[in-house]
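Work through the exercises below with the model open. Each one gives a task and then a solution in steps.

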Amino acid sequence: MANLATDFIGIRSPNPFWLASAPPTDKEYNVRRAYEAGWGGVVWKTLGTDPPVVNVNGPRYGVMYAGDRQVMALNNIELITDRPLDVNLREIKAVKRDWPDRALVISLMVPCDEESWKEILHRIEDTGADGVELNFGCPHGMAERGMGSAVGQVPEYIEMVTRWVKQHSRMPCIVKLTPNVTDIRPAAEAARRGGADAVSLINTVNSITGVNLDTFSPEPSIDGKGTHGGLCGPAVKPIALHMVAEIARNPATVGLPISGIGGVTTWRDAAEFLALGAGNVQACTVAMTYGFKVVQELISGLSQYLDEKGIDSVGDLVGRATPNVTDWQYLNLNYVTKAVIDQDLCIKCGRCYAACEDTSHQAISMSADRVFEVMDDECVACNICVNVCPVEDCITMVELEKGTVDPRTGLVVGDYANWTTHPNNPSAREAAE
Amino acid sequence: MSSHRTPGIAAGRLPDQTLAQNFADYPPPLDAHEAAVAADRCYFCHDAPCITACPTEIDIPMFIRQISTGTADAAAMTIWDQNILGGMCARVCPVEQLCEGACVREAAEGKPVEIGRLQRYATDHAMDRGQPYTRAAPTGHRIAVVGAGPSGLAAAHRLARHGHDVTIFDARPKAGGLNEYGIATYKTTQDFARREVEWLLDIGGITVEAGKALGRDISLDGLRADFDAVFLGMGLAGVNALRASGEAHEGVMDAVDFIAALRQAPDRAQVAIGRDVVVIGGGMTAVDAAVQARLLGAENVTMVYRRSRDRMSASQHEQDHATTTGVKIITNAMPKAVHGNGQVSEIEFEYTAEGPDGLRGTGETFSLRADQVFKAIGQMIEGVPEGLRLEGGKIVVDDNRRTSLPGVWAGGDCATGGEDLTVTAVAHGRDAAEDIHRMLAARAG
Ligand SMILES: Cc1cc2nc3c(=O)[nH]c(=O)nc-3n(C[C@H](O)[C@H](O)[C@H](O)COP(=O)(O)OP(=O)(O)OC[C@H]3O[C@@H](n4cnc5c(N)ncnc54)[C@H](O)[C@@H]3O)c2cc1C
Ligand SMILES: Cc1cc2nc3c(=O)[nH]c(=O)nc-3n(C[C@H](O)[C@H](O)[C@H](O)COP(=O)(O)O)c2cc1C
Ligand code: SF4
């Protein structure tokens with residue numbers, strides 16, 4: 001059996017699955033049951049200064065569904081903890097005492113001045129918590145007060161606050177980043193310069209989930225008005241994966257530990273974050289959708305996967321995919337594939353045909369009796385037929401062997417060659433001249 | 001070659017191909033795509049009603065989620081941790097009365113998640129990889145199990161896992177109990193019962209002594225003296241009598257014997273069946289005998305039950321299966337006399353009515369032509385060793401499945417608690433094993 005235990009910046013947990021700072025981790029009652037269910041760690045719901053913030057008293061979540069009301073994304077306008085600081089601190093201390101083998105990290109967000117940070121770090125010192133996470137991410141409510149993503153969007157502030165925290169505390173420090181930026185790398189670089197031990201990402205993405213077409217209020221509606229909230233859940237995973245990969249391969253942040261967050265729903269999502277360079281993962285929406293117990297699938301699935309792959313520990317999976325993330329111009333233009341439809345699996349829905357015929361390269365033929373076939377001399381291997389086919393593995397991409405002729409271009413499939421040296425590339429021509 | 005209409009009792013009423021079709025897997029297994037679509041429908045309910053409805057309390061939402069995420073092996077472990085015969089149960093459980101009956105999508109859409117077939121998908125997939133459990137360090141304790149049916153096998157496996165050595169004694173030549181001799185042929189095709197027993201025994205530490213009957217070759221006193229604990233899981237070996245005249249005619253037999261012979265027949269074309277078959281009873285055994293008589297090519301098969309339709313212990317689903325197979329069901333009629341000249345030719349019934357003092361004949365009678373009469377009016381316990389307290393024809397056990405005799409546990413059909421189902425027997429065997437293990441550990445510690 002593979003070893004799921006992880007040591008993330010010196011914080012040990014029996015598995016790499018932590019609950020992200022959010023309602024699932026906002027009180028002792030929840031965190032105890034999360035540990036009992038098997039979660040390896042939690043990041044406590046973000047603490048702030050007293051008096052606590054107040055939340056809206058109408059709906060704070062919006063939703064985006066796939067068919068059959070499967071939750072694809074949640075959006076929230078919740079603020080940081082709305083309970084008094086000393087209550088949270090007392091509870092944190094009690095839980096950590098009873099669960100020494102589980103990770104417990106405290107998320108923090110206080111006004112952007114050194115005194116406030118010094119003060120809160122002092123207050124949490126004797127809770128026994130394993131580390132702190134600086135919430136530079138919340139995109140709503142707190143940002144308007146100069147906190148959360150208002151800090152996370154300005155690399156200088158990130159660096160400054162991180163430095164204060166490292167100065168006034170010996171705890172391992174994770175900086176939680178906001179995805180509401182055009183390029184995630186400066187934020188991560190700033191965290192590293194400030195002395196962060198790790199970054200975690202992503203926090204939620206600015207969004208409006210919908211509009212009520214009777215009242216014309218954005219959802220969730222508070223007395224007829226709505227505001228942008230933070231999106232999370234399966235739908236944001238691609239954004240998060242990209243950002244994790246960028247930090248993992250950026251020379252200025254290579255080796256900076258990453259806690260991957262955003263849409264982790266199954267063991268597979270978690271494994272993908274790990275492979276791209278995250279040292280562990282955090283999740284929130286999956287627990288909010290299905291309850292704490294869902295962690296058992298993450299555990300059993302990752303174990304089975306690691307065993308099947310002959311990978312002994314989570315650490316050995318971390319970063320396996322990072323070297324394969326590259327820039328477009330280095331992709332092999334001599335890698336030629338063709339879509340192939342398995343006629344035995346095909347249920348003849350015709351979706352591949354509609355997609356290719358109307359929106360791609362008219363490379364699928366349709367017979368009178370609904371046989372769909374790919375024409376190799378037209379197929380550009382765009383993949384849309386594979387993507388829209390309702391039957392898994394019915395349409396697959398098959399690579400043309402080196403030395404064969406691509407019937408579409410009439411060219412022989414050759415060795416690796418990319419855009420930088422392609423004759424159509426003006427800069428490649430210049431370089432050659 | 002004979003046909004539907006060949007008079008009397010004859011073999012080979014149907015061409016081989018039709019027979020093969022008739023006895024093919026029912027319902028058929030799900031392929032990967034079907035399983036993915038079926039699994040997608042599970043809501044992962046909290047404290048799920050399906051779990052509560054399963055006598056072995058399998059974590060159904062969890063195993064379905066594991067199928068969804070492409071880890072059928074992990075799904076199978078979730079199943080086997082609770083029910084080591086999850087493969088057989090996936091095939092034979094009356095799911096419409098158990099897990100699927102409780103599914104919230106049954107309430108929402110009248111169409112439950114196909115839990116049974118998904119369970120089969122996971123276990124079939126993972127069984128190919130061999131026995132997944134290993135044994136704890138040997139404890140030196142020896143436990144006797146009587147009966148290699150589902151209860152005995154479940155007990156033996158759990159005990160072996162805990163490091164105990166187990167000897168199973170069974171009167172029959174093959175292990176498996178009714179999984180091997182009773183369950184309808186189309187529910188357990190391709191010799192599944194035997195393969196599952198072999199897979200289960202692969203854990204090691206279990207010796208099967210076939211052909212050894214309690215009361216004939218071994219005694220309970222002897223077992224209690226030789227072993228640290230005894231588990232009785234010998235099912236219901238006896239069959240109730242008809243109490244109608246002429247029962248001794250040729251062609252009148254116990255349904256369970258007909259079913260066992262069919263299950264054991266190397267070639268179904270050699271199994272003789274009447275043109276007119278009458279099955280007496282209203283339970284699962286009656287349905288299985290009637291349906292399989294039809295599948296063998298009997299022209300007219302009639303099930304006759306003495307009470308009303310809603311009192312039948314066969315589920316609605318099973319009744320529907322019988323009628324769609326072409327079985328005619330007559331209710332509120334009881335057998336009065338079997339007629340014939342050595343060989344049965346006709347059976348006479350009297351209609352019944354429920355009165356204040358129970359069931360009584362109305363005086364009105366009718367007769368059915370019959371080349372064969374299968375009696376399926378209930379099995380009963382047989383040869384219970386002395387000293388065991390009985391109640392309603394079952395060995396009385398407490399919540400830990402302990403009998404009235406110290407060191408003796410009992411479960412499955414022969415003991416009190418729950419319905420007579422494969423899954424209930426597995427739960428009993430497992431729970432008894434845990435209690436035996438706790439008792440032995442306490443004694444050792
Ligand atoms: C025809 C038929 C069809 C059925 N179909 C279904 C179904 O579809 N689904 C379902 O859930 N349930 C079904 N059942 C019920 C189910 O088979 C039983 O509830 C289950 O097998 C009980 O398990 P058990 O371990 O208690 O006993 P059994 O399976 O009866 O096993 C008892 C074992 O003990 C052995 N034995 C008996 N006496 C002695 C002795 N004196 N010494 C040594 N060994 C002895 C027997 O040979 C047998 O191997 C069916 C039953 C019948 C009869
Ligand atoms: C209702 C809600 C409240 C949240 N509150 C916080 C918070 O207080 N601090 C924080 O750092 N992140 C907060 N988050 C963001 C989550 O920690 C996490 O980064 C985000 O939900 C993405 O992960 P997911 O896709 O697994 O849900 C919150 C998310 C939700 C849904
Ligand atoms: S989940 Fe429903 S019942 Fe519970 S607090 Fe939210 S709105 Fe109220």
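Helices here are DSSP runs of type H or I with at least four residues, numbered from the N terminus. The model is a predicted one.

**Exercise 1.** Find the loop that holds Pro27(B), and state the form of the peptide bond that leads into Pro27(B).

Solution. Start with the flanking elements: helix H1 (16-22) and helix H2 (32-40) of chain B. Pro27(B) lies in the loop between these helices. Next, read omega for the bond from Tyr26(B) to Pro27(B): the value is near -10 degrees, and the bond is cis.

**Exercise 2.** Locate the cis peptide bond that ends at Pro51(A).

Solution. The bond starts at Asp50(A), and its omega is near -10 degrees. Pro51(A) sits in the loop between E4 and strand E5 (61-66) of chain A.

**Exercise 3.** Is Ala381(A) buried or exposed? Ask the same of Arg243(B).

Solution. Apply the cut-offs: 20 or more other C-beta atoms within 10 Å make a residue buried, and 12 or fewer make it exposed. Ala381(A) has 21 such neighbours, so it counts as buried. Arg243(B) has 9, so it counts as exposed. Then check the backbone. Phi is positive at Ala381(A), near 65 degrees, and positive at Arg243(B), near 60 degrees. Finally, place both residues: Ala381(A) is in the loop between strand E19 (372-374) and helix H13 (384-388) of chain A, and Arg243(B) is in the loop between strand E6 (238-239) and strand E7 (252-254) of chain B.

**Exercise 4.** Describe the shell around ligand 2.

Solution. Count the members: 27 residues surround the ligand, and Ala20(A), Thr46(A), Cys232(A), Cys284(A) and Thr285(A) are the closest. Strand E4 (41-47) and strand E6 (70-76) of chain A are the elements that each supply two or more of the shell residues. Sorted by type, the shell has 12 nonpolar, 12 polar and 3 charged residues.

**Exercise 5.** How compact is chain B for its length, and which residues are at the centre of contacts in its largest nonpolar core?

Solution. First list the elements: chain B has 17 helices and 19 strands. The radius of gyration is 23 Å and the globule rule gives 22 Å for 445 residues, so chain B is as compact as a globular protein of that length. Of these residues, 48% count as buried. The largest nonpolar core has 129 residues, of which Ile67(B), Ala122(B), Val279(B), Ala289(B) and Ala290(B) touch the most other members. Leaving out residues up to four places away in sequence, the contacts of Val279(B) include Ala255(B), Met303(B) and Phe374(B).

Technical notes. Residues are numbered from 1 along each chain as its sequence is written. Chains are lettered from A and ligands numbered from 1 in the order in which they are written. This is a predicted model: local features need pLDDT of at least 70, side-chain atom pairs count only at pLDDT 80 or more; totals for chains, interfaces and linings use all residues. A residue is near a molecule or strand if its C-beta atom, placed from the backbone, lies within 6 Å of it. Ala, Val, Leu, Ile, Met, Phe, Trp, Tyr, Cys and Pro count as nonpolar, Asp, Glu, Lys and Arg as charged, and the others, Gly among them, as polar. The radius of gyration is taken over C-alpha atoms; the globule rule is 2.2 Å times the number of residues to the power 0.38. A nonpolar core is a set of buried Ala, Val, Leu, Ile, Met, Phe, Trp, Tyr and Cys residues joined through C-beta atoms within 7 Å. Two residues are in contact if their C-beta atoms, placed from the backbone, lie within 7 Å.
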